[in-house]
Amino acid sequence: MIEDEENILLSLQFVLERAGYQVHSARTGQEGLCAIRRDRPDLVILDLMLPDISGYEVCQQARRDPSLAAMPILVLTARAQEAEREKGLDVGATEYVTKPFRVSDLLARVSRLLDSPRSDVRSPGSGVRGLEPGGSGS
Amino acid sequence: MTLPSARGQARDSRPFAPLEGKPAASGTYQRTLRLTLVAVAALPLAVATVATFVMLRQARLDLEQVAAISLMVSLGILGAAVSLAFGAARALGGPIQDLCEGVSMIIGPNRAHRLALPEEADLADLARGVNELAERADTTAEDLERRLSSATHELVVQRQMLTSVLFALADGVVVCNRDLNLVLSNAAARRMLSLPSRPLRRGESIFSYLNPAMLRPLVESLGAATGGSQQGQRLERGTLALPGGATVQVNATLAVNDQGQAHYVFVLRDVTQQVSVDRLRGQFLDASVRRLRSQATSLLSAAEILRAYDDLAEPQRRSFLDVLQRDAERLADELDAIHAQAVGTLAPSRTGDDVRVSQLAEWAAAELGPALAARGQRISTGGEPLIVRGDRLALLQVTRRLLELAVARAPQRANLSLRWRRVSASLLELAIELPRLEVEQDGLAEEQLFDIPLEDGQPGRSVRDVVREHHGELWVRGGPKGCALVLSLPASQATTPPDPGRDGDAVGQQVLALLSRGGFYEPGPRAEDRSERLAALAAHPEARLADLSYVVFDLETTGLEPGCDEVVSIGAVRVRGGRVIPEDHLHSLVNPGRRIPRLSTKIHGITDELVAGQPALDDVLPRFIEFVGRSVLVAHLAAFDLAFLNSRLGTMGRPAIRQAAVLDTLLLSCSLFPSWGGYNVEEIAARFGLAVVDRHTALGDALTTAEILIRLLEVLQRRGIETLGPALELQSGDLIRKLVGAVRAELSW
């Protein structure tokens, strides 16, 4: 999980661990990229507005490594404009969730992404639509 | 008597109509002369009579004989004197009468007439003097005429410029005199104020259409504040709610001209939507803030209670936790609602132009032509008709900068493409595709590629800033076959820009008519030679007719023979998005370097004097080619106009414009409507119900032809011809050749 907002990191790490997942956390983009390359996680939860490089850049760089091309990336962001969402999905995000979101909804998405066959994962630039923004609605 | 014309001008063949009193004066002169001569002859007569009488008396003749002989001698001498007087008077008086008649001619019907010099030296001097005076009077009169004509021309040009400005303004303009009677209004003002579509009569009171209570306070405070001394510097502003529900903001000022006449100038801006959105936004924000305050209060209280009281019973603890959960959820919902409203109905109105994405792409591609050529790269463009609303110039610059980036970072001799498409109902993307993006290994993140200034050497607004201002995004899309620089922008639902209101607008027609005599187009200097592009235009037969821009042009010439005759005027106007862009025009008189035959002047009204100080075709042609740019050329009977242009392009060493690449409204009309009897501009215009403005002026004819083109493009689309290639093909074929033959015969060309 790459997130620079301490409170969100704390809460999400807690619920994810309580749900049985092992969570590595990073607070900057570069730190996150190193962790991804080193730990090869099953899923990345990524904020877009990070203190060094943007989440978009993290996404693009990770996707350049063929061995990481199929890794699900769930973008968690306050950027809710349609063009921003389109860009996020285009540079390699698997899902695009806008803040605020409900923890229960996030857990459901994480579970689904980890269970889904890898062929469902969107490849960069494929034009496949992700879920609607702010999918935390109900 | 035949009088030679002093300056070789043709003699006035009209019968001479003598001015009243002139011949009478001449007759009096002759009578006086005759009487004087008779009087002078009477003296020697008396002396001779007395002398005869004395001599005869000395000869001792009787008195009766002497008297009889003296009387006979006297009568003989008197007869001789009278004959002499009449003869002399005739000899002296004839040339003087001629002189009198000549002077009457000069001050009468024929200013160019000059006096013939009589043989008598004194009279010849007089005639010379009169001729010189006439010459000087002539020069003065011509000078006066020239100055008058120059001043009138300046006045006309200034009036045209003013009218063009008023026409182009989205703001309404109303000018009234001090009694608030209308002097001038533009189309925008009439739309806003729901004034009749006909031009208001000069002097009609604005209050016939507007409640006086609305404008009066503004006018009175303006009058009171300026007191007539600070006119033009004081601006009064007010907002009027009009009866139809619209709201306009009015800026009023008082202008006083050189003659001390005062006029109120009202500039009106339609702020209906802005006012309504502002009101809704205010109401929505108030309500949201109230709800957020109450939710925050509830959250804070619950959290504090949970922390402060360790001894809460389990049911109580749970109920406060429920409060936390519920209010946090309501907070999240509230944020979603605010976001939806912020990007939806309450979004800040994006002012700006409706810009065709194809225009952004094609302009950028044209600008980068030399850079592409230098690197041996090629570019193709294409996409569906799409509109983005925003700052046209900034978006053009952004597209150019991105393409520049692609050109610089793509490999040499690479094939680039510029494609645009609609991604969703409200989003479009413009992608510059290239085989590989060469990024220096300097740790530069791809994201930072776009932090380039909008203009070279002008730090401040960057490409990314402009994109953000337009709620768009920029990124590099990587893919197996290459990569793309992607620009994503909110898309307008429309696919063509809205018509700003040329709904049979009479002022618009007037402006178009006025423009046809204007010629204010001054393109910036550009060294690049675009004539090759002109020649290569037909290389894009797949281009959609609806997406293309057209330049419709017309020439006026000294005659009908391209080899011998020359161009005296060129007019061109651009058509884009199914409408004429009146402000986008070129109009220039051309000095043909030879005399213009009177017969031609009769047709187009262009005289030798008018073209005397004008540029030659060699100077105008590069401007024309520059103006055409990548637009498709269109003309009526294009072969005629092309023959003139190509003959000169040839001598300038430039490639000719291929007729096969030029749309011809005559050929298209023939092909689409073979049953029509005639195909000249008036006939086709009449068929389409179009008004013909300023026939036989280059710009007037170009404008009429442009309107014809728009109708023909509609017909083509209805008949399923949507691209340039098939439209050009329609122009060839036997049927067309026959028809052109018929038309040429009709035109005697």
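1. Let's start with burial in chain B. In this predicted model, 27% of the chain's 749 residues count as buried.

2. As you trace chain B, expect plenty of secondary structure to follow: 22 helices and 19 strands. Contacts also reach across the sequence. Taking those between residues at least 6 apart, 68% join residues at least 24 apart.

3. A good place to look next is the largest nonpolar core, which has 68 residues. Which of them touch the most other members? They are A:Leu46, B:Val388 and B:Ile432, so the list names residues from both chain A and chain B. Strand E14 of chain B, residues 482-490, gives the most to this core, with six residues. As general background, nonpolar side chains tend to be buried together in soluble globular proteins.

4. B:Val388 is worth a closer look. Beyond its neighbours within four places in sequence, B:Val388 is in contact with B:Val355, B:Val357, B:Leu395, B:Leu428, B:Leu489, B:Ala491 and B:Ser492.

5. There is also a second, separate core, made up of 62 residues. Among them are B:Leu548, B:Tyr550, B:Phe553 and B:Ile606.

6. Now to where the two chains meet: 22 residues of chain B are in contact with 20 residues of chain A. Which elements of chain B each supply at least two residues to its side? Helix H7 (314-343), strand E13 (473-479) and strand E14 do. Strand E14 therefore deserves a second glance, having appeared above as the element that gives the most to the largest core.

7. Finally, consider the make-up of that side of chain B: 10 nonpolar, seven polar and five charged residues touch chain A.

Methods
Residues numbered from 1 in each chain as written. Chains lettered and ligands numbered in written order. Predicted model: local features only at pLDDT ≥ 70, side-chain atom pairs only at ≥ 80, totals over all residues. Helix = DSSP H or I, 4+ residues; strand = E, 2+ residues; numbered from the N terminus. Buried ≥ 20, exposed ≤ 12 C-beta atoms within 10 Å, placed from the backbone. Contact = placed C-beta atoms within 7 Å. Core = buried A, V, L, I, M, F, W, Y, C linked by C-beta atoms within 7 Å. Nonpolar A, V, L, I, M, F, W, Y, C, P; charged D, E, K, R; others polar.
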